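Reader: Please take a close look at a single part of this model, namely its salt bridges. I would like the partners, their geometry and their exposure treated together.

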Amino acid sequence: MKKALKYLAIGFLFGLVLTKSEAVSWYRIYEMFQFQSFHMFGIIGTAICTGILGLQFFKRKKVKTNKGQAIVIPGKEKGSFRYWIGGLLFGLGWALVGACPGPIFILLGAGFLPLGLVLVGALLGTFIYGVIKDNLPH
């Protein structure tokens with residue numbers, strides 16, 4: 001129970017940050033895809049820099065998981081075609097819906113109930129991928 005509350009608090013904080021930074025705003029996302037504003041690119045760039053710094057910290061300090069296991073960061077894979085296709089599909093969905101997966105829950109919590117259809121679509125897409133993934137060219 002204590003662990004669940006910790007994760008709930010982290011999710012709440014994440015939602016608060018995304019909401020206050022306007023990263024859940026459909027208008028901000030529309031501006032980004034129209035190249036009319038730097039706002040979202042700045043948020044994404046900050047997230048990338050934070051991720052790079054966090055990974056470097058984990059590598060140098062040899063940080064372990066909460067179960068005491070070493071965190072292993074795999075090397076780069078060869079072949080990027082599948083990443084281009086996956087990124088293209090993700091970007092198209094993001095542009096059409098106006099929300100990536102994290103903000104779907106935030107927007108639902110804020111009372112934007114039509115996003116329930118988006119959540120159902122995202123879950124259905126994830127399920128279909130799980131069913132056909134063994135037949136895809138990985």
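Author: The salt bridges are described below, with their partners and surroundings. This is a predicted model, in which local features need pLDDT of at least 70 and side-chain atom pairs count only at pLDDT 80 or more, while totals for chains, interfaces and linings use all residues. Residues are numbered from 1 along each chain as its sequence is written, and side-chain values use heavy atoms, with hydrogens and water left out.

The structure contains two salt bridges, a salt bridge being a side-chain nitrogen of Lys or Arg within 4 Å of a carboxyl oxygen of Asp or Glu. In one of them, the side chain of Glu22 meets that of Arg28 at 2.7 Å, N to O. Arg28 also forms a salt bridge with Glu31, where the closest N and O atoms are 3.4 Å apart. Glu22, Arg28 and Glu31 are thus linked in a network of salt bridges.

Arg28 and Glu31 both belong to helix H2 (residues 26-33), helices being DSSP runs of H or I with at least four residues, numbered from the N terminus. Their separation in sequence is three residues, about one turn of the helix.

As to exposure, Glu22 has a relative accessible area of 34% and is partly exposed; this class lies between buried (under 20%) and exposed (over 50%), with a 1.4 Å probe and protein chains only. Arg28 is partly exposed at 22%, and Glu31 is partly exposed at 25% relative accessibility.

How values were computed: Helix = DSSP H or I, 4+ residues; strand = E, 2+ residues; numbered from the N terminus.
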